[in-house]
Structures are given as structure tokens and as C-alpha cells.
Amino acid sequence: MTQKPSVQNDAAFFELLGGGKEKPSEKKWGAGMVIAGITGGAALALSVICLPFVSPALRRVCLPYVPATNSQVENVLKALRGRSGRFVDLGSGDGRIVLSAAQAGFTPAEGVELNPWLVLYSKVQALRQGLSSTTSFHRRDLWKFSLKPYPNIVIFGVEEMMEELQLKLENEVEAGTHIVACRFPLPKLKPVATIGSGLDTVWLYTPNNNKEQEGRY
């Protein structure tokens, strides 16, 4: 036999529907929901803004943002030890390698990056570190960016793009140019030096310069 609901239960039910008097705890709960809604909206907006930092840019070859490690930065600078002049980092990401190159004396030190948020972030970091006058960050497609003016080139790419990028380098760089590849080597060029190990390995190339001898640091 089904038990009939009590009057007390009916009252509680109508209170839940808003028929009862609002209690202080309910006011707090409502205010909390408003705050949670505002906070959630802000978090969503922040996620949208930061999404380009962790997702691949829309490019011919997918080039995701992967920050350079401290060891990679050290290995790049070791590969270019004793060098000076113009410097460019292709796929400069958050600008870490460019800023380190500027601190090491390369002038100007430049980065090429398609992601607008990373370019903005790099410029802010350059300003904070007092390096705005010696660095530049270009929001450009690296395939349309001329490499001829640069005697020092760093590549931070993915395996799928290295062969095509090698052709671009061979067509544009001058003799004596030093090229440092991070993460992945150029597939058909013989490095003159291999520095580091594992994911932090970098490869040094000097196209059109047969005087260099292969070595390992």
C-alpha cells in the first residue's frame, strides 16, 4: 500500500520550488552560483586566449608550440659559440632562444612565429628583460620569410617539415651560414657537430662550406 506524503513533506517540497520563505543560507547559495558563473566565464575566456599556446597553428605542416628546455638553449648557444651578427629562430615560440641569443651578443636577434599570442608574449618578455632594442619578433609564415640576410639560423621544427625546410635553406643561405636544428636533424645534410643527447640534441650545419669537419661536442 502506497504511503501518502505528509503535510510536512509537502511544505518542504513547495519550499524547494520557491514557494517558501528564502533563508539566509539560500541567499548565500544564490550569490555563490553568480560568482561561480562569473569565474567560470573568466576561466573559459582565458582558455580560449591560451589555446594557441598548446594547439598546432593552422599551417601547411602542423607546428605545435613546444617550449625549449634550458639544456636545448645551452646547446644552441654552444653550437654558435664565437659567432656574432644577425640571428633568427624559425618557429620561435615563446621567444626563449631569441632572448638568450640577444643576451649572448647576437644583434639583432629575431624570431619568426605564426602564432600571434606567442609573438605578443615574446615581445612582452623582451620588454621585461630590457632586450626590446636588440630583438624583433615577426608574425610571418616561415616558408615566405627570406633567410638570406641571416648568418646564424636556428630551426625548431617537426620531423615532417625538415626535408622541405632543407631545400629552402639550400636555396637561400650564403656560404658560411651556421644552422642549428633542434629536436630533428636535416635529413640529407651531414652535421659538422652534434651537441647534447636525447630530446635536447642539436645539430650544427654549415651548408656550402666544405672546410668544416664533422665532430661531436
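**Figure 1. Ser122 in helix H5 of the predicted model.** Ser122 has its place in helix H5, in a model that is predicted. With a relative accessibility of 0%, Ser122 counts as buried, because the cut-off for that term is under 20%. A polar atom of the Ser122 side chain lies 2.8 Å from the backbone oxygen of Leu118, and Leu118 is itself listed among the buried residues of H5.

**Figure 2. The length and the two sides of helix H5.** Helix H5 comprises the 13 residues 116–128, which at 1.5 Å a residue should span 18 Å, and the C-alpha atoms at its ends are 18 Å apart, in agreement with that expectation. Its buried residues are Leu118, Val119, Ser122, Gln125 and Ala126. These buried residues cover an arc of only 125 degrees around the axis, and therefore they lie on the same side of H5. An α-helix has 3.6 residues a turn, so residues three or four places apart point the same way. On the face of H5 turned away from the buried side are the exposed residues Leu127 and Arg128.

**Figure 3. The two ends of helix H5.** At the start of H5, a side-chain oxygen of Asn115 comes to within 3.0 Å of the backbone nitrogen of Trp117. After the helix comes Gly130, whose phi is positive, near 70 degrees.

**Figure 4. Strand S2 and its partners S1 and S3.** Strand S2 consists of residues 109–112, with Ala109 and Gly111 pointing one way and Glu110 and Val112 the other way, and all of them are buried. In a regular strand the side chains alternate between the two faces of the sheet. Strand S1 (residues 87–90) runs parallel to S2 and is joined to it by 4 bridges, and Leu90 has Val112 in S2 as its bridge partner. Between these two strands the chain passes through helix H4 (residues 96–103), making a β-α-β crossover that is right-handed. Strand S3 (residues 135–138) is also parallel to S2, and 4 bridges join the two, with Ser136 in S3 serving as the bridge partner of Glu110. From S2 the chain crosses through H5 to S3, and this β-α-β crossover is right-handed.

**Figure 5. The loop between H4 and S2, with a cis peptide bond at Pro108.** Pro108 is placed in the loop between H4 and S2, and the peptide bond that joins Thr107 to Pro108 is cis, with an omega of about -15 degrees. Most residues other than glycine have a negative phi, and most peptide bonds are trans.

**Figure 6. The aromatic pair of Phe87 and Phe106.** The structure holds 2 aromatic pairs. One of them is formed by Phe87 and Phe106, whose rings are 5.5 Å apart from centre to centre and whose planes make an angle of 50 degrees, a tilted arrangement. This pair links distant parts of the chain, since Phe87 belongs to strand S1 and Phe106 to the loop between H4 and S2, 19 residues apart. Both Phe87 and Phe106 are buried.

**Figure 7. Arg183 in the loop between S5 and S6.** Arg183 lies in the loop that runs between strand S5 (178–182) and strand S6 (193–195). Although Arg183 is not a glycine, its phi is positive, at about 75 degrees. The relative accessible area of Arg183 is 23%, and this residue therefore counts as partly exposed, because the value falls between the 20% and 50% cut-offs.

Note on methods: Residues numbered from 1 in each chain as written. Predicted model: local features only at pLDDT ≥ 70, side-chain atom pairs only at ≥ 80, totals over all residues. Heavy atoms only, no water. Expected span 1.5 Å × (residues − 1). Buried < 20%, exposed > 50% of the residue type's maximum accessible area, 1.4 Å probe, protein only. Arc of directions from axis to C-beta. Polar contact = N/O pair within 3.5 Å; in protein donor to acceptor, adjacent residues only side chain to side chain. Pairing = 2+ DSSP bridges. Right-handed = clockwise from strand over helix to strand, strands pointing away. Phe/Tyr/Trp six-rings, centres within 6.5 Å; stacked < 30°, edge-to-face > 60°.
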